[in-house]
Amino acid sequence: MFDDKSTKIIYSRDKLGYRSRSKNSNRAIVLTIGGSTTDQRHVSEGETWQDVLDNMNPKYDFVNGGISDHSTYGHLVAIKN
């Protein structure tokens, strides 16, 4: 259980609502969508599983498009809009 209240989590999204997106990348994008396990609200920037995959696979930019508590329908509407 995580009880250390002094640990600061850095959580940010770009203007399109994504996390872990390389702004000036020519790499192919792999969009990850899902709920809380994709969003990783309690995981700091640079430490998400998308960041790990970015470091392991330099050919691709793994973009975090997860939104906690979203349904499949909610994700489809968000992507469409």
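These are legends for a few close-up views of a predicted model.

**View 1. Arg-13 reaches over to Asp-39 in a salt bridge.** The closest N and O atoms of Arg-13 and Asp-39 sit 2.7 Å apart. This one ties together distant parts of the chain: Arg-13 belongs to the segment before E1, while Asp-39 lies in helix H1 (residues 36-39), with the two positions 26 residues apart in numbering. Arg-13 counts as partly exposed because its relative accessibility is 29%. Asp-39, at 0% relative accessibility, counts as buried.

**View 2. Asp-39 again, now with Arg-41.** Here the side chains of Asp-39 and Arg-41 meet in a salt bridge, at 3.8 Å from N to O. That fits under the 4 Å cut-off, so the pair counts as a salt bridge. Arg-41 has 43% relative accessibility, so Arg-41 goes down as partly exposed. Put this view together with the previous one and you get a network: Arg-13, Asp-39 and Arg-41 are joined by salt bridges that share partners.

**View 3. Arg-19 pairs up with Glu-45.** Their closest N and O atoms are 3.0 Å apart, which gives another salt bridge. It's a link between distant parts of the chain too, with Arg-19 in the segment before E1 and Glu-45 in the loop between H1 and helix H2 (49-56), 26 residues apart. What about burial? Arg-19 has a relative accessible area of 1%, so Arg-19 is buried. Glu-45 counts as partly exposed because its relative accessibility comes to 24%; the cut-off for buried is under 20%. As for the overall tally, a search of the whole structure turns up four salt bridges, including Arg-13 with Asp-39, Asp-39 with Arg-41 and Arg-19 with Glu-45.

**View 4. A nonpolar patch on the surface.** Ile-29, Leu-31, Ile-33 and Ile-79 make up this patch, which covers about 360 Å². Zoom in on Leu-31 and you're in strand E1 (residues 28-32). Leu-31 counts as partly exposed because its relative accessibility is 37%. Patch members need over 30% relative accessible area, so Leu-31 makes the cut on that score.

Key:
Residues numbered from 1 in each chain as written. Predicted model: local features only at pLDDT ≥ 70, side-chain atom pairs only at ≥ 80, totals over all residues. Heavy atoms only, no water. Patch = residues over 30% accessible without salt bridge, like charges linked within 9 Å, V, L, I, M, F, W, Y side chains within 5 Å. Areas by Shrake-Rupley, 256 points an atom, 1.4 Å probe, with all protein chains shown as cover. Helix = DSSP H or I, 4+ residues; strand = E, 2+ residues; numbered from the N terminus. Buried < 20%, exposed > 50% of the residue type's maximum accessible area, 1.4 Å probe, protein only.
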